[in-house]
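Thanks for asking for a second pair of eyes on this one. My notes follow as numbered points, and I hope they are handy while you have the model open.

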Amino acid sequence: MSEWISVEDELPPHYENVLIYPYPEFSDEYRFVGEYDLVRKKFIVWVGSDGVHSEAHVTHWMPLPKPPPTQ
């Protein structure tokens, strides 16, 4: 798996799902899938399957791993 990337060094591509480290708005025990909105210059975190989302202060991110092979 990739290493964490500081948002000060690089931002992810526009609206690409990535693993994010949002802090301190969310518990530091969890990592979330989110995306970066290049237009609004904000990270968006999906917090439920019903389309609820929240903006988050993100310090680090990394690409999602590839899915496992299907049988």
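**Notes on the fold and its contacts**

1. Let me begin with a side chain that is easy to overlook: aspartate 37 has a relative accessibility of 3% and therefore counts as buried. Its place is in strand S3. Please keep in mind throughout that this is a predicted model.

2. What does aspartate 37 pair with in a salt bridge? The partner is arginine 40, with an N to O distance of 4.0 Å between the two side chains. The structure holds 1 salt bridge, so the pair is worth a look. For a salt bridge the cut-off is within 4 Å, and you may want to keep that in mind when reading the 4.0 Å distance.

3. The two partners sit in unlike surroundings: aspartate 37 is buried at 3%, whereas arginine 40 is partly exposed with a relative accessible area of 42%. A second link joins them, as the backbone nitrogen of arginine 40 lies 3.0 Å from a polar atom of the aspartate 37 side chain. Beyond its neighbours within four places in sequence, aspartate 37 also contacts His14, Tyr15 and Lys42.

4. Now for the overall layout. The chain has 0 helices and 6 strands, and from the N terminus the order of elements reads β-β-β-β-β-β. Of the contacts between residues at least 6 apart in sequence, 50% join residues at least 24 apart.

5. On burial and surface, buried residues account for 27% of the 71 residues. The chain exposes about 5200 Å², and carbon and sulfur atoms supply 53% of that area.

6. Which residues form the largest nonpolar core? There are 9 of them: Ile5, Val18, Ile20, Tyr36, Phe43, Val45, Ala56, Val58 and Trp61. Strands S2 (18-22), S4 (42-46) and S6 (58-63) are the elements that give two or more residues to this core.

7. Tyrosine 36, a member of that core, deserves its own point. Leaving out residues up to four places away in sequence, tyrosine 36 touches Leu11, Pro12, Pro13, His14, Tyr15, Glu16, Lys41, Lys42 and Phe43.

8. Proline 12 is placed in the loop between S1 and S2. Is proline 12 buried or exposed? Its relative accessibility is 5%, so proline 12 counts as buried. Leaving aside neighbours within four places, proline 12 is in contact with Val18, Tyr36, Phe43 and Trp61, and these four residues are listed in the largest nonpolar core. Proline 12 and tryptophan 61 are 49 residues apart along the chain, yet their C-alpha atoms are separated by 7.7 Å.

9. Tryptophan 61 turns up again with serine 6, a residue of strand S1. Setting aside its neighbours within four places in sequence, serine 6 contacts Thr59, His60 and Trp61. Serine 6 has a relative accessible area of 16% and is buried, because the cut-off for that class is under 20%. A polar atom of the serine 6 side chain lies 3.1 Å from the backbone nitrogen of glutamate 8.

10. Two backbone angles may catch your eye. Tyrosine 15, in the loop between S1 and S2, has a phi near 60°, a positive value in a residue other than glycine. Lysine 41 is not a glycine either, and its phi is positive at about 55°; lysine 41 belongs to the loop between strand S3 (32-37) and S4.

11. How do these two residues fare for exposure? Tyrosine 15 is partly exposed at 42% relative accessible area, while lysine 41, at 62%, is exposed. Both appear among the residues that tyrosine 36 touches.

12. Finally, a word on confidence. The average pLDDT of the chain is 81, and 75% of the residues score at least 70. Where is confidence lowest, and where is it highest? The lowest mean, 73, belongs to strand S5 (residues 53-56), and the highest, 94, to strand S1 (residues 5-6). As a general caution, predicted coordinates should not be read in detail where pLDDT is low.

Technical notes
Residues numbered from 1 in each chain as written. Predicted model: local features only at pLDDT ≥ 70, side-chain atom pairs only at ≥ 80, totals over all residues. Heavy atoms only, no water. Core = buried A, V, L, I, M, F, W, Y, C linked by side-chain atoms within 4.5 Å. Buried < 20%, exposed > 50% of the residue type's maximum accessible area, 1.4 Å probe, protein only. Helix = DSSP H or I, 4+ residues; strand = E, 2+ residues; numbered from the N terminus. Contact = heavy atoms within 4.5 Å. Areas by Shrake-Rupley, 256 points an atom, 1.4 Å probe, with all protein chains shown as cover. pLDDT = per-residue confidence, 0-100. Polar contact = N/O pair within 3.5 Å; in protein donor to acceptor, adjacent residues only side chain to side chain.
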